Amino acid sequence: MEERANVICSTAEVDKDVTFGKGNVVHPLAKIKALNGPIVIGDGNVIHELADIRNLLPLHENGEPQTLRVGDGNLFETGCTVRSRSIGDHNVFRVQSSLGLNSQIESYSLVVTRRAIGPNNTLPSNTIVYGSEGESRPAAVENRPDPEVAMMAAFLRQTLPSFHTLQ
């Protein structure tokens with residue numbers, strides 16, 4: 001298999017209005033639903049099982065659909081939900097984290113397990129969301145992608161085809 005080919009498991013639900021860049025991995029039972037408009041996903045993203053990404057954005061004033069854009073090198077762990085307007089590059093969304101409707105996520109941020117970004121909120125670059133109240137703080141190092149995401153994507157592109165049928 002080509003090194004930068006997308007690996008999308010056959011049991012993932014991916015709508016026809018979803019466009020992928022190169023080198024993405026979509027696990028079994030993940031859902032990527034372009035319900036109100038298209039979704040454009042960049043390069044090298046990893047979308048784990050039961051992750052649920054949906055474009056539920058309202059139509060533009062002229063009646064045209066809005067596009068949900070996802071950048072490069074993001075990690076969406078098991079059970080996270082995404083209803084955002086846009087997601088930048090190199091973010092990590094841990095297990096069961098939630099991104100509210102119309103939220104905007106910039107780049108190089110981390111949302112820990114079971115934390116949420118509310119509707120219509122913007123998460124600035126280099127931010128960590130943590131704690132029982134969803135507190136946030138700046139990351140210690142700015143504009144630094146998690147190297148494990150790229151290694152995970154490369155490993156999964158090699159191994160998943162051995163154990164799952166692909167789309």
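In which sense do strand S16 and S19 pair, and over how many bridges? Strand S16 (residues 110–111) and S19 pair in the parallel sense, over 2 bridges. Here are some notes to go with the model, which is a predicted one.

1. Let me start with the sheet that holds this pair. An open sheet of 8 strands runs in the order S1-S4-S7-S10-S13-S16-S19-S20, and its pairing is mixed. Strand S1 (7–8) and S20 are the edge strands, each pairing on one side only. Where S16 meets S19, look for Val 111, which stands opposite Val 129 in S19.

2. On its way to the edge, the sheet has an antiparallel step: strand S19 (residues 127–130) is joined to strand S20 (residues 135–138) by 4 bridges. Tyr 130 faces Glu 135 in S20. The hairpin of S19 and S20 has 4 residues between the strands, and there Gly 131 takes a positive phi near 75°.

3. A further open sheet has 6 strands in the order S3-S6-S9-S12-S15-S18, with parallel pairing. Strand S3 (18–20) and strand S18 (122–123) stand at the edges with a single partner strand each, so one side of each has no neighbour in the sheet. At the S18 end, strand S15 (residues 104–105) pairs with S18 in the parallel sense over 2 bridges, and Gln 104 stands opposite Thr 122.

4. Now for the charged pairs: the whole structure has 5 salt bridges. One of them joins Lys 33 to Glu 13, with the closest N and O atoms 3.5 Å apart. This pair links distant parts of the chain, as Lys 33 is in strand S5 (residues 31–33) and Glu 13 in strand S2 (residues 13–14), 20 residues apart. Lys 33 counts as buried at 17% relative accessibility, whereas Glu 13 counts as partly exposed at 37%. Salt bridges that share partners bring Glu 13, Asp 15 and Lys 33 into one network.

5. Arg 83 forms a salt bridge with Asp 52, the closest N and O atoms being 3.4 Å apart. Here Arg 83 sits in the loop between strand S11 (81–82) and strand S12 (86–87), while Asp 52 is in strand S8 (residues 52–54), 31 residues apart. Both Arg 83 and Asp 52 are buried.

6. Arg 94 and Glu 77 also meet through their side chains, in a salt bridge of 2.6 Å, N to O. Arg 94 lies in the loop between strand S13 (92–93) and strand S14 (98–99), and Glu 77 in the loop between strand S10 (75–76) and S11, so the pair ties together parts 17 residues apart in sequence. Arg 94 is partly exposed, with a relative accessible area of 28%, and Glu 77 is buried, at 14%.

7. What about the cysteines? The count of disulfides comes to 0. The sulfur of Cys 80 is 16 Å from the closest cysteine sulfur, that of Cys 9, and therefore too far for a bond. Cys 9 is buried, with a relative accessible area of 1%, and Cys 80 is buried, with a relative accessible area of 1%.

8. The largest pocket holds about 300 Å³ of space. It is lined by 18 residues, and those closest to its centre are Tyr 108, Leu 110, Ala 139, Arg 144 and Asp 146. The lining divides into 9 nonpolar, 5 polar and 4 charged residues.

9. One last place to look is helix H1 (residues 147–163), where Ala 154 is found. Ala 154 is partly exposed, with a relative accessible area of 33%. Its C-alpha atom is 9.8 Å from that of Val 46, 108 residues apart along the chain.

Terms used: Residues numbered from 1 in each chain as written. Predicted model: local features only at pLDDT ≥ 70, side-chain atom pairs only at ≥ 80, totals over all residues. Heavy atoms only, no water. Pairing = 2+ DSSP bridges. Disulfide = S-S within 2.5 Å. Buried < 20%, exposed > 50% of the residue type's maximum accessible area, 1.4 Å probe, protein only. 1 Å grid on protein atoms, 1.4 Å probe; cavity = no way out; pocket = protein on both sides within 12 Å on 5 of 7 lines; lining within 4 Å. Points joined across faces, edges and corners; volume = space filled by probe spheres on them. Nonpolar A, V, L, I, M, F, W, Y, C, P; charged D, E, K, R; others polar. Salt bridge = Lys/Arg side-chain N within 4 Å of Asp/Glu carboxyl O.
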